[in-house]
Amino acid sequence: MHAVKDEIIEFTEQLIRIPTVNPPGDCYKECVAFLKKKCDELGLETTVDTCDGLPSIIGGDGKGVLHFHGHYDVVGGNKSQFTPVVREGKLYGRGSSDMKGGLAAMLYAISEVQHPNISFSITPDEETGGLHGFACLLDKGLISPKAVIMPEVSSNTIWNACRGALAVELAIKGRSAHSVFPQQGSNAFEAMVDTAETFREIDPGRGTVLLGGSVRGGTQFNMVPESCSFSVDWRFPSSQSLDDIRNSICSLIDTMRKKGVTIESETLLESEGFLTPEDAEICTWVADAVKEVKGSVQFAECPGFLDIRHCAHRGIPAVAYGPGLLEVAHGPDEYVMVSDIVDAFSTYCLVGKRAVQQI
Ligand SMILES: [Zn+2]
């Protein structure tokens, strides 16, 4: 065990040294070549497939009772973050939590269990939505597993659900005039404030609503502003549908239009949430394994996006459970506990063994 542990940590460090920063999408070829070589060493059969010009690795036939899915891209960081450092049991570096530690643990576990009914994929593009990574592999039919586990950073919980999102930009039109004759114009800023006020009344039980993440408008202090716009970023629980949220936004817009506000909306982002029930087989396998390794287990809904929403939306049950803390994942001091990577390896081994017992 000791030797494997050291190898997994060393492999994580090697992955961190390859700055696969997305955007823009650096060093993908180099990283995929390195991962493929490692898979060869671990006795794992892989193919490299290109989706929308971006290279992904598929392990095995991409099918089977259990599929591990990970991503190799990371968000940008300080230059020093691409030189990994271990201090007081923590491995620091960009991607240590999200999710190169998880990738390392996953590949060693798959190698340990080695079974034709376990497959895997490692894709890029996750940090910018995953459409050209995981979603593309699913769309092309290159993978079609029965259940998926993603070793994504999960703050010691099992994410069996993730919230949905709908973000829009609302543009309010007015009419310009000199500030000394404001009555000749129509003040788009004031109409925008009124509109924002209406959106503040959304029931907090329906998720979080960030208003004004981006705001634009006005030209100068002595002119009535003729246009103003602001964004609405609504993250909603998986118990609500994207259509419900869209309808609510439309009805708020209608309310303002009836009051005489000229308002246009543009969708910036939309995604349905998902929920894999706790009694689904994949949840049971992972929960039992986590309990055995960590002593306790907890399910939660991920507040952000998960790449596995792409398979969950296609009816494939999926969960995320991986080493690291979401709280530090995209920050300047991103780290992962070395012991958490090793525990994740043990957990994935148990999940794999349990899955192949079902056949
Ligand atoms: Zn991630």
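This report walks through the zinc site, the cysteines, the empty spaces and a few unusual backbone spots of the chain above. Keep in mind that the model is predicted.

**The zinc site**

Let's start with the metal. The zinc ion takes its protein donors from His71 (NE2), Asp98 (OD) and Glu152, which appears twice through OE, at distances of 1.8 to 2.2 Å. Along the chain the donors are spaced as H-x26-D-x53-E. His71 sits in strand 3 (residues 66-71) and Asp98 in helix 3 (residues 96-113), so this pair ties together parts that are 27 residues apart in sequence. The geometry comes out as irregular, with angles of 60 to 129° among the 4 donor atoms. For four donors to count as tetrahedral, all angles have to lie between 85 and 135 degrees, so the 60° end of the range rules that label out here.

His71 counts as buried because its relative accessibility is 0%. Asp98 is buried as well, with a relative accessible area of 5%. Asp98 also has a backbone quirk: its peptide bond to Met99 is cis, with omega near -15°. Met99 itself belongs to helix 3.

**Cysteines, paired and unpaired**

The count of disulfides is 1. Cys51 and Cys136 form it, with a sulfur-to-sulfur distance of 2.3 Å. This bond links distant parts of the chain, since Cys51 is in strand 1 (residues 46-51) and Cys136 in helix 4 (residues 134-139), 85 residues apart. The torsion about the S-S bond is about -90°, so the disulfide is left-handed. Both partners are buried.

What about Cys39, which is in no disulfide? The nearest cysteine sulfur belongs to Cys31 and is 11 Å away. Cys39 counts as buried, at 0% relative accessibility. Cys302 has its closest cysteine sulfur in Cys162, but 5.8 Å is too far for a bond. Cys302 is buried too, with a relative accessible area of 2%.

**Empty space**

There is 1 cavity of 30 Å³ or more, and the largest cavity holds about 40 Å³. Its lining is made up of Asn156, Lys294, Tyr321, Gly322, Pro323, Asp340, Asp343 and Ala344. Helix 10 (residues 338-357) gives the largest share of that lining, 3 residues.

The largest pocket has a volume of about 320 Å³. It is lined by 19 residues, and those nearest its centre are Glu126, Glu127, Gly304, Phe305 and His330. Here is how the two linings divide by residue type:

| Space | Nonpolar | Polar | Charged |
|---|---|---|---|
| Largest cavity | 3 residues | 2 residues | 3 residues |
| Largest pocket | 8 residues | 5 residues | 6 residues |

**More backbone oddities**

A cis peptide bond also joins Pro23 and Pro24, with omega of about 10°. Pro24 lies in the loop between helix 1 (2-16) and helix 2 (28-41).

Which residues have a positive phi without being glycine? Asp125 is one of them, with phi near 75°. Asp125 is placed in the loop between strand 6 (118-123) and helix 4, and it counts as buried at 6% relative accessibility. Ser155 is another, with phi of about 50°. The loop between strand 7 (148-150) and strand 8 (158-162) holds Ser155, which counts as buried at 17% relative accessibility.

Technical notes
Residues numbered from 1 in each chain as written. Predicted model: local features only at pLDDT ≥ 70, side-chain atom pairs only at ≥ 80, totals over all residues. Heavy atoms only, no water. Disulfide = S-S within 2.5 Å. Helix = DSSP H or I, 4+ residues; strand = E, 2+ residues; numbered from the N terminus. Buried < 20%, exposed > 50% of the residue type's maximum accessible area, 1.4 Å probe, protein only. 1 Å grid on protein atoms, 1.4 Å probe; cavity = no way out; pocket = protein on both sides within 12 Å on 5 of 7 lines; lining within 4 Å. Points joined across faces, edges and corners; volume = space filled by probe spheres on them. Nonpolar A, V, L, I, M, F, W, Y, C, P; charged D, E, K, R; others polar. Donors = N, O, S within 2.8 Å, 3.2 Å for Na, K, Ca; no water. Tetrahedral: all angles 85-135°; square planar, octahedral: opposite > 155°, others 65-115°.
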